[in-house]
Amino acid sequence: MDFSVVVEYFPRLLSGAWVSLQLVFLSVVLGGAFALPIALARISPVAWIRAIPFTYIFFFRGTPLLVQIFLVYYGASQFDAVRESIFWPILKEPFWCAIIAFTLNTSAYTAEIFRGAIQAIPEGEVEACKVVGMSKAQMYRRVLLPRAFGIVLPAYGNEIILMLKGSALASTITILDLTGMARTIIARTYTPIEIFLAAGGIYLAISIVVIALFRQIELRQNRYLGTLSIKVPDKG
Amino acid sequence: MSKTPALELINIHKTFGDVEVLKGISMKAYDGDVISILGSSGSGKSTFLRCINLLENPTQGEILFNGNKLDLIQGESDLVANNMKQLTQMRQQIGFVFQSFNLWPHMTILQNVMEGPLNVLKRPKQEVLEYAEHLLHKVGIAEKKHMYPNQLSGGQQQRVAIARTLAMDPQVILFDEPTSALDPELVGEVLGVMRNLAEEGRTMLIVTHEMNFAREVSSEVVFLHKGVVEEKGTPDQVFGSPKSERCKAFLSSTF
């Protein structure tokens, strides 16, 4: 094994990692923004409002991310209407196709995480809001969302790490992310073990940063609980 | 005593599935009344209390607050509020103290007490802060105002919950077994706070198992059994010479 290739190509790998980070960051931010309304619709008392996010989540959780990427990248360009629309400058770029597929995918998972967190808030805390005469909007703004944010953190950190690893699929539609860059280098140097080990190491390093970051936020956010775990109040 | 009751409940029924928990309960509370509601578990006393401000929706009945009838319409299986604004306004004036305190754990003690008047009633912050500190002092917990609920004992949490209720300046306060979730040695501190409120002339409806307390502070005692009012009267009547056999049996088993 010859690790000098790793040293030589390390800057290229880092530029690939930078693309991966952009993919993950953009799709997690956009996906998170979409996830909240989806989660709120998901727990609506009205049946047909619930049905829409249910179908959406069912589709994006039930099909492989790779299929979703291909559908956006190869599928959209099949339609003249799409090619002639104002969205074509975006949809013809593999980078943005990946962002769209990742965003839709992660928003479905994140919506389920949000929904679970909102429903995990003890009913008594909601009743305490009702008896002081809060409106629904006040209830969400003052109690439900801040509480859900604390509950959501461990699962949400997990989703971001899954997204980081899922982002490797962007390499299948010509994007030179960390994996794509590694494959390009290997095609030139024939050193798969060295370069993939290096790429894996970089993924690990990013994961460690994400984990540490979330642990800090969790400690800060849930300091009122005394521990990292969610304590279930005594119902008596 | 004013002519119009502060709170009047007429013929309240509540059914869960096939089980009729409340079979037509009526009650009037005038300003200054302290009404204790007694009964064995399953008698429907907590359900009745929760029907008053629609934490449970009654299946039948009328709720009047200061003579104003709460607008209810038939929902799928029970009566629901037809006018959310009227309901929230009524709730703002009726305090409710829970058995399990239900403080908001992500807020400090002080924030819990300030939340209602500040963000629901939109009162000025400085005024709310001073009043909240006064109330925390009154329930004997001022020095813990920057702590979180989970750092407090049950009795302390319940006293904070009472202060949170008082901060809204409610006309009527409903207490749903406020000491039942507490360790025996912590019951006294909460009852002490409630006793002071009764002496101030506050209007209170109290579901409780604390017989001695009920006897001392109540202006009226109501005994529920299987969803109906089995016996009611002054504490001396109900505790001294109950007419109902069931009430007698209940009292003899609890003393």
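**Pockets, a cavity and two helices**

Tutor: Let's start with the second largest pocket, which has a volume of about 520 Å³. Keep in mind that this is a predicted model.

Student: Which residues lie nearest the centre of the second largest pocket?

Tutor: Of its 23 lining residues, A:Val28, A:Val29, A:Tyr156, A:Ile160 and A:Phe214 lie nearest the centre. Helices H1 (4–42), H6, H8 and H10 (192–221) of chain A each supply at least two residues of that lining.

Student: How do the residues of this lining divide into nonpolar, polar and charged?

Tutor: There are 22 nonpolar residues, one polar and no charged.

Student: And what volume does the largest pocket have?

Tutor: About 930 Å³ of space lies in the largest pocket. It is lined by 26 residues, and the closest to its centre are A:Pro45, A:Val126, A:Lys130, A:Lys136 and A:Met139. Two or more lining residues come from each of helices H6 (94–120), H7 (123–131) and H8 (136–166) of chain A, and from strand S7 (79–81) and helix H2 (84–93) of chain B. This lining divides into 16 nonpolar, five polar and five charged residues.

Student: What makes a space a cavity and not a pocket?

Tutor: In a cavity, a 1.4 Å probe fits but cannot get out, while a pocket is open. A search of the whole structure finds one cavity of 30 Å³ or more. About 120 Å³ of space lies in this largest cavity. Of its 16 lining residues, A:Val131, A:Val132, B:Gly95, B:Phe96 and B:Thr165 are the closest to its centre.

Student: Which element gives the largest share of the cavity lining?

Tutor: Strand S8 of chain B does, with four residues.

Student: Good! Now, why is B:Arg50 called buried?

Tutor: Buried means under 20% relative accessible area. B:Arg50 has 14% relative accessibility, so it counts as buried. This arginine sits in helix H1 (residues 45–52) of chain B. Leaving aside neighbours within four places in sequence, its contacts are A:Glu127, B:Leu55, B:Glu56, B:Phe96 and B:Asp176.

Student: How do you know that the span of helix H6 of chain B agrees with what is expected?

Tutor: Helix H6 of chain B, residues 184–199, has 16 residues, which at 1.5 Å a residue should span 22 Å. Its end C-alpha atoms are 23 Å apart, which agrees.

Student: Why do we say that the buried residues of H6(B) line one face?

Tutor: Its buried residues include B:Leu186, B:Val190, B:Met194 and B:Leu197. Looking down the axis, the buried residues fall within an arc of 155°, so they line one face of the helix. On the other side, B:Glu185 and B:Glu199 are exposed. Among the elements covering the buried residues of H6(B) are helix H4 (125–138) and strand S10 (203–207) of chain B.

Student: What makes the buried residues of H2(A) a face as well?

Tutor: The buried residues of H2(A) are A:Pro53, A:Ile57 and A:Phe60. They fall within an arc of 70° seen down the axis, so they line one face of the helix. A:Trp48, A:Phe58 and A:Gly62 are exposed on the other side of H2(A). The cover over the buried residues of H2(A) includes H1, helix H3 (65–75) and H6 of chain A.

Definitions and conventions: Residues are numbered from 1 along each chain as its sequence is written. Chains are lettered from A and ligands numbered from 1 in the order in which they are written. This is a predicted model: local features need pLDDT of at least 70, side-chain atom pairs count only at pLDDT 80 or more; totals for chains, interfaces and linings use all residues. Side-chain values use heavy atoms; hydrogens and water are left out. On a 1 Å grid over the protein atoms alone, a cavity is a set of points where a 1.4 Å probe fits but cannot get out, and a pocket is an open set with protein on both sides within 12 Å along at least five of seven lines; lining residues have an atom within 4 Å of a point. Grid points are joined across faces, edges and corners, and a volume is the space filled by probe spheres set on the points. Ala, Val, Leu, Ile, Met, Phe, Trp, Tyr, Cys and Pro count as nonpolar, Asp, Glu, Lys and Arg as charged, and the others, Gly among them, as polar. The expected span of a helix is 1.5 Å times one less than its number of residues. Buried means under 20% relative accessible area, exposed over 50%, partly exposed in between (1.4 Å probe, protein chains only). The arc is that of the directions from the helix axis to the C-beta atoms. Contact means heavy atoms within 4.5 Å.
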